[in-house]
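Colleague: Could you walk me through reading an interface here?
Modeller: Gladly; have a look first.
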Amino acid sequence: MVREPVSDSESKSGGRAGASSLVSSQVEMRRELDRRRRVRNKVPEWPLHVMLIPAVAVIFIYSYLPMYGLRMAFQDFRVSRGLFGEQEFIGLDNFRFLFRMPNFLRVMGNTLWIAFLKIAFGLIAPLVVALLLNELSNQGVKRVIQTVIYLPHFLSWVILGGILVTILSPSSGIVNQVLGWLGIGPIFFLGSNDWFVFTLVSTELWKSTGWGTILFLAAIAGIDPNLYEAATIDGAGRFKQTLHVTIPGIIHVIALLLVLSLGDILNAGFDQVFNLYSPVVYESGDIIDTLVYRVGLLNAQFSLGAAIGMFKSVVSLILISSSYFLATRYLNYRIF
Amino acid sequence: MKTLFRLVTGFAVLLLLAAPVFATGADEEAGAPARTSTTDESPTGPYEPPISVSYHAFHQPAQDFLEGDSFEDNLWTRAYSDELGVELSFPWSAQSGDAYRQRLNIAIATGQLADIFSVSPIIFGQLVEDGRLAPLDDAWEYMSDDGRAIMEWSPVTRIAGTRDGVLYGIAEARGPEGKNLWVRQDWLDALGLDAPQSVAEFIEVARAFTFDDPDGNGQDDTIGFGISGELDDALQTFFSGWGGYPISNFWVESGGQLEYGAIQPGMREALRALRAMFEEGTVDPEFGVKGEGELYDDIAAGRVGMYAGYFWSPLWPLNALKGEDPESDWVPVYFPSPSGEPAPEPLDLTPGEFWVARADFPYPEVLVKMMNLFLEYQDEQPEYFNQIDANGEVLELFHLAPVQYNTWRNNVDAAAAIQRAIPVGEILPEHGVAPASMFGAEQAMLYATGADTTATPWAYHKVFADGGSMNLVRWRMDNDGYLENAFFGPPGDAWLRHGQAINDLVEEWYVKFVTGEESIDSDWDAYIDAFSNIGGAEVTAEVNAWFENQ
């Protein structure tokens, strides 16, 4: 995976800042280095491929082999006939049943809406926090803040579910007590369809923002300090530097995360929703995965489960491919 | 890259070709082995030479053992080995119902079934249809008289375990769980009230428990009537007082047709009653997001004055509160109904699990023999059931018996025997306490004589002694106090497809009606329509087709 940290658009923005010669000479230097590396790569590549084998094997075993099970989606699968036994093929009946379920539209809408909010805020919040952290000059303070905001990432939703039910309780929870002092009436965060999605997204942000900043901070650290120097000479302040150096410098990471997260548009977060929801908020919080869990668990509906899984995978594949295509086209981003 | 791709595809194709090999490699395809051991016809006659039997194990997460024992080698496995000539082994074990079902499904799908195992009704039906289970009619001939009596008490287990006139599965006899109302006796005493016997008194007590500071701590922190958003099973009796039955796959007969319990007009009236209590604040305003676990936390913390419990509730969670607050005391009463009679307790006796044997297992009767041994020990060997260790902790050893066959009648009989013994002050042979119930009897006696009034003796006393919860169970048996599910066939295809959606719907609307998010007056028809549309109409047709053939 060879990244080109400095793309054409950046050299243009650098040029506008008036340091074109410095930036373009640097670009040329990079290209020269790349060319030399390619020459050096006449050295055989096979050891690298050998090193890939464990990773390929794992993906093959856990991601490709199970695709054999996709045929269950088109069968009336009965365990008693065996995994490889004679099952009755029923074509698209499982999909038809799925799409005609009276709850399907509601669940689909909830899933898309919750996942969209999580993806949008899940990208913006860590980016903003990373940019702010980057501006801290005191390394000690920066590290302490980083560590503290990562921590929630390591808590499981099973544990957080119990904690949140307690602290968000309208009658005895600490959150509502504080809101009470501010004169805001008790809010039923987990029991009101108006608030449930907000609660899901905000707790998810609280849990994952710190973790999300790691990638951005690493990308920011990879930006050539010379660019900041040049920008300073050109009279750019902190804000302009962020706008014209930092953000263009990490745009490829942002694009990567966006491309990857679009594949999650039908994953609204089973663990979290399952541990926080209740029948009262099915209307706003029931998602595809929780519905599958309830339907599949009760009645051993393996085929229906397989059909839903396949439907989700197809949608993810389409979204990932098209967003990758767009990223290649407009941001000059490529994985290979 | 290209080579790699070719390699991967090649490998994939190879594996797909190999798939049938995995399938036929399973142990079940080998053809039925012949019997090489013999046994006599007595209920617990041994096998000569001993046979080895595998089973799929369900283990308690915190199983107690005698010193030196393990799941592989314990007093029960030694008993089976010594008495029956049966060497038990298990290829895998699970510690939760979900884990057991998942592993069993894998074992079924890959043909790695053990000789004997237990299975849920849905998979049971599939296994029978696909010829994977052994008929048990011949095996049944080995059943002891005690065992036969159990099936006679509960004919529905034979109906459910039989397909086309052949018995394939033996189920334990389910009985009433004593779903009644539990009331804080110490709070009643503190406020000078009596246990409620009518709906008006019930509402009155709920008010007093909520607003009159029954725990005397000066704070407004009590809940009159504790319910959860999960539509607790025990709450069924509350609803049935009005003629509503929000119970999974529960049907009532009306005008020659079966109708779903949760959409009965009585359901609407019961919801109105709960709605009124919610508006007053005598049920927990947050009940909608609480599960049964959270409700039990509230009960154990001493915040709840009344709730829908079971006959065993003193053993959990009421004992937890008793341990914290020795002054706490509870009394079980019938849920009142608008008619003034105790609300009937809904009963669904269709089995949840069957014991079965693999089709090619040559000794299916070993299941029956193991059940016989369990029943025999129940009468003769109490040390196989419960023991007390050096620290005074109860060791529950009966879970180690892999195959159990039992009846809820034992508890009713035990209560009668204990009530004969308590006035005497000691347990004598003529009181007829069965050995398996001896532990509970001794505990109840400790409390009755005042020798030990801590949580455990108190709890057993509350279940078995006069005024305890088993008396309510017994009264219902003698006075026609139960209402059985009018549908007791195997779950049909429509139910398998739509059952979960229907259960979800009932639970969701229950909370919405009570909290007022949907109006019981104007949105009731929408609820009925939603039930029909979500699959209720289809399930109703299916169930009535079954009903016409009865």
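Modeller: Let us begin with a term: a polar contact is a pair of N or O atoms within 3.5 Å; within protein, one must be able to donate a hydrogen and the other to accept it, and residues adjacent in sequence count only if both atoms are side-chain atoms. This is a predicted model, where local features need pLDDT of at least 70, side-chain atom pairs count only at pLDDT 80 or more, and totals for chains, interfaces and linings use all residues. Side-chain values use heavy atoms, without hydrogens and water, residues are numbered from 1 along each chain as its sequence is written, and chains are lettered from A and ligands numbered from 1 in the order in which they are written.

Colleague: How many polar contacts join domain 1 and domain 2 of chain B?
Modeller: Between these two domains the rule finds zero residue pairs in polar contact (both at pLDDT 80 or more). Their bounds, from an automatic or database domain assignment, are 42–175 + 351–382 for domain 1 and 180–347 + 484–548 for domain 2.

Colleague: How is the size of an interface given?
Modeller: Often as the accessible area lost when the parts come together; here a 1.4 Å probe is used and the loss is summed over both parts. Domain 1 and domain 2 of chain B bury about 380 Å², 86% of it on carbon and sulfur atoms.

Colleague: And what area is buried between chain B and chain A?
Modeller: About 3600 Å², with carbon and sulfur atoms giving 61%. Counting heavy atoms within 4.5 Å as contact, chain B contributes 42 residues and chain A 39 residues.

Terms used
Buried area is the accessible area (1.4 Å probe) that two parts lose on being put together, summed over both.
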